[in-house]
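Biologist: I am new to this structure, and I would like to understand the reasoning behind the words used to describe it. Could we go through them one by one?

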Amino acid sequence: MIFRQLFDSVSGTYSYLLASRAGGEALILDPVLEKADRYCKLLQELDLRLVKAVDTHLHADHVTGLGELRDRTQCITIMGEQSKADVVSMRVSDGDKVTIEGLCLEAMYTPGHTDDSYSYLMGDRVFTGDTLLIRGTGRTDFQNGSARAQYDSIFNRLLKLPEETLVFPAHDYKGDTVSTIGEEKRYNPRLQVKSIDAYVELMNNLNLPNPKMMDVAVPANMHVGLHQDELTKEGLALNARDAIASLGRPDILLVDLRESGERAKHGTLAGAMHAPYPQICATLQPGGMLREVAAATGRRVVFFCAFGERSAMAVAAAKKAGLTNTAHIEGGIDAWKKAGGPVVMG
């Protein structure tokens with residue numbers, strides 16, 4: 001496995017680059033905007049293709065690199081379903097799997113530092129975001145934080161993992177890089193409390209100053225979504241109502257870009273072809289499935305995904321590949337459902 005822990009000294013942030021092999025798909029956790037050049041250079045050096053970028057929560061101390069990496073690499077952006085960020089490509093909930101070729105991370109909802117905090121479990125290690133730090137825990141005094149919720153996340157979720165599980169946090173200010181669940185149980189001073197009330201009292205009396213970047217980072221991190229209105233101006237988007245009205249039309253081919261887990265959880269659209277977004281470039285090339293079907297049938301390809309991000313990028317990719325008779329459903333299946341569109345479950 002390719003595993004890189006990358007550090008931003010300004011904000012004390014750890015980002016993690018993961019891949020199962022050279023030349024393969026890669027995922028990055030908690031990227032920092034100012035380090036985007038560094039990430040892209042490393043991806044190039046390691047011959048990796050970034051397909052997913054994940055934030056464990058809405059950060060207050062740095063501006064996220066999600067939007068920049070999406071624009072540079074056309075990767076899928078991922079956050080928890082509780083996130084206040086405007087648009088990300090995929091939203092996960094507790095127990096969902098985030099997969100790339102050869103690797104699988106399990107999303108664990110661990111609120112407390114913020115109400116949208118997630119940890120990600122992968123085999124022998126857990127990426128704890130700002131929930132559990134090395135010899136510390138993430139503050140709980142803003143962004144709908146809750147010391148009570150954090151106690152539950154740590155004591156009833158994270159500390160129940162095997163003691164040898166490696167702990168990789170999203171921050172460290174002392175120079176530590178990794179710990180284990182067993183170490184934190186024994187030596188983390190904030191975890192030596194006798195009760196939940198004692199933990200709440202401890203966290204409520206930290207009296208920490210706000211992060212220096214908070215007033216800049218939080219608003220910026222809430223607006224990482226791709227601007228889909230350009231496609232609308234170009235006539236390459238259908239709003240949800242128009243898309244619902246076009247269901248079953250013989251001149252339209254609906255193409256679902258979501259992953260199998262999303263389809264099983266949120267339902268599908270009748271008659272839609274499944275073509276997962278990470279393979280979109282291959283399917284649009286000469287000889288590729290989508291290109292061949294579009295050419296053979298003359299139908300207009302209408303992409304859709306969860307919220308419209310992946311489908312907007314797919315329209316751009318199709319145009320680049322010379323396939324011009326395409327469009328996407330603005331706002332994805334989320335907007336479709338809100339407009340009362342039918343979905344097929346199971």
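Modeller: Let us begin with a word that will return often: a residue is called buried when its relative accessible area is under 20%, exposed when that area is over 50%, and partly exposed in between. Please keep in mind that this is a predicted model. With that cut-off, Met 214, Ala 217, Val 218 and Asn 221 in helix α6, which covers residues 214-221, are buried.

Biologist: What puts these buried residues on the same side of α6?

Modeller: The arc that they cover around the axis is only 95°, and therefore they lie on the same side of α6. On the other side of α6 we find Asp 215 and Val 216, which are exposed.

Biologist: Why does Val 224 count as buried?

Modeller: Val 224 belongs to the loop between α6 and α7 (229-233). Its relative accessibility is 10%, and the cut-off for buried is under 20%, so Val 224 counts as buried. Leaving out residues up to four places away in sequence, Val 224 touches Thr 64, Gly 67, Arg 70, Ala 85, Asp 86, Val 87 and Val 88. Val 224 and Asp 55, which are 169 residues apart in sequence, are 11 Å apart in space, taken from C-alpha to C-alpha.

Biologist: How do you know that Thr 140 is buried?

Modeller: Thr 140 has a relative accessible area of 9%, and because buried means under 20%, Thr 140 meets the definition. The residue sits in the loop between β12 (136-137) and α3 (147-156). If residues up to four places away in sequence are not counted, Thr 140 touches Gly 112, His 113, Gly 145, Ser 146, Ala 147, Gln 150 and Met 203.

Biologist: What makes Lys 185 partly exposed?

Modeller: Lys 185, in helix α4 (residues 181-187), has a relative accessibility of 30%. Since buried requires under 20% and exposed requires over 50%, Lys 185 falls in between and counts as partly exposed. Apart from its neighbours within four places in sequence, Lys 185 is in contact with Leu 159, Glu 163 and Gln 192. Between the C-alpha atoms of Lys 185 and Ala 296, which are 111 residues apart along the chain, the separation is 62 Å.

Biologist: Why is α3 called oblique to α5?

Modeller: The axes of α3 and helix α5 (residues 196-204) cross at roughly 125°, and they come within 9 Å. Angles under 35 degrees count as roughly parallel, over 145 as roughly antiparallel, and 65 to 115 as roughly perpendicular, with the rest as oblique; the crossing angle belongs to the rest, so α3 is oblique to α5. The crossing in which α3 passes α5 is right-handed. Ala 147, Arg 148, Gln 150, Tyr 151 and Ile 154 of α3 meet Ile 196, Asp 197, Tyr 199, Val 200, Met 203 and Asn 204 of α5.

Biologist: Let us turn to the sheets. What makes β15 and β17 edge strands?

Modeller: In an open sheet of 5 strands with parallel pairing, the order is β15-β19-β18-β16-β17. β15 (237-238) and β17 (273-274) each have a single partner strand, so one side of each is left without a neighbour in the sheet, and they stand at the edges. Helix α12 (residues 309-320) packs on this sheet, where it touches β18 and β19, and its direction makes about 175° with that of β19.

Biologist: How do you know that β16 pairs with both β18 and β17?

Modeller: Two strands pair if at least two bridges are found between them. β16 is joined to β18 by 5 bridges and to β17 by 2 bridges, so both cases satisfy the definition. Leu 254 stands opposite Val 302 in β18, while the bridge partner of Asp 256 in β17 is His 274.

Biologist: And what covers which side of β16, or rather, which residues are buried on its faces?

Modeller: Ile 252, Leu 254 and Asp 256 on one side, and Leu 253 and Val 255 on the other, are all buried, and in this sense both faces of β16 are covered.

Definitions and conventions:
Residues are numbered from 1 along each chain as its sequence is written. This is a predicted model: local features need pLDDT of at least 70, side-chain atom pairs count only at pLDDT 80 or more; totals for chains, interfaces and linings use all residues. Side-chain values use heavy atoms; hydrogens and water are left out. Helices (H or I, at least four residues) and strands (E, at least two) are DSSP runs, numbered from the N terminus. Contact means heavy atoms within 4.5 Å. Axes are lines fitted to C-alpha atoms, for helices over the stretch in contact, and angles run from 0 to 180 degrees between N-to-C directions. Buried means under 20% relative accessible area, exposed over 50%, partly exposed in between (1.4 Å probe, protein chains only). The arc is that of the directions from the helix axis to the C-beta atoms. A crossing is left-handed if the near helix is turned anticlockwise from the far one by less than a right angle, and right-handed if clockwise.
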